[in-house]
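Biologist: Could you take me through this structure, beginning with how much of the chain is hidden from solvent?

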Amino acid sequence: MINPDIPPEFPGGEGDLYCFIDEHINKELVRQTKATGSSLVEFTIDTTGHISNIHIIKPLDRSIDDELVRIVCLMPVWSPASRYGRLQEVRYVLPLRIPYSSSLCDRTR
């Protein structure tokens, strides 16, 4: 897969992506984990904006990794990427840092 001219976008942009995660994450689960660091999930966003091929590429803790995959499975359709005006399938990597902080979600927008 080649880097797109226009990357894929979560509906509403990056800020809404972080708010989506904050609204759907099991905060009790992430509070209870003793693990610290980042879990990375990779997924494909196809030319229609649908997500597929979800898998953890940097595990942290089984319950945290599973939670991150669960959240990605709940995501709505994205705006697909394009290169030279043609829609393009791309891979996207999303981190989840533990301890978790909702500070990336700006609810004042």
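Biologist: What share of the 109 residues in the protein is buried?

Modeller: This is a predicted model, in which local features need pLDDT of at least 70 and side-chain atom pairs count only at pLDDT 80 or more, whereas totals for chains, interfaces and linings use all residues. Residues are numbered from 1 along each chain as its sequence is written, and side-chain values use heavy atoms, leaving out hydrogens and water. Taking buried as under 20% relative accessible area (1.4 Å probe, protein chains only), the share of the 109 residues is 33%.

Biologist: Is Thr44 buried or exposed, and which side chain does the side chain of Thr44 contact?

Modeller: Thr44 is placed in strand 1, residues 37-45 (strands are DSSP runs of E, at least two residues, numbered from the N terminus). Because its relative accessibility is 4%, Thr44 counts as buried. A polar contact is a pair of N or O atoms within 3.5 Å, one able to donate a hydrogen and the other to accept it, and residues adjacent in sequence count only if both atoms are side-chain atoms; at 3.3 Å, the partner of the Thr44 side chain is the side chain of Asn53.

Biologist: What radius of gyration does the protein have?

Modeller: The C-alpha atoms fill a box of roughly 45 × 35 × 20 Å along the principal axes. The radius of gyration is taken over C-alpha atoms, and the globule rule is 2.2 Å times the number of residues to the power 0.38. For 109 residues a compact globule would have a value near 13 Å, so the protein agrees with that expectation at 14 Å.

Key
Helix = DSSP H or I, 4+ residues; strand = E, 2+ residues; numbered from the N terminus. Buried < 20%, exposed > 50% of the residue type's maximum accessible area, 1.4 Å probe, protein only.
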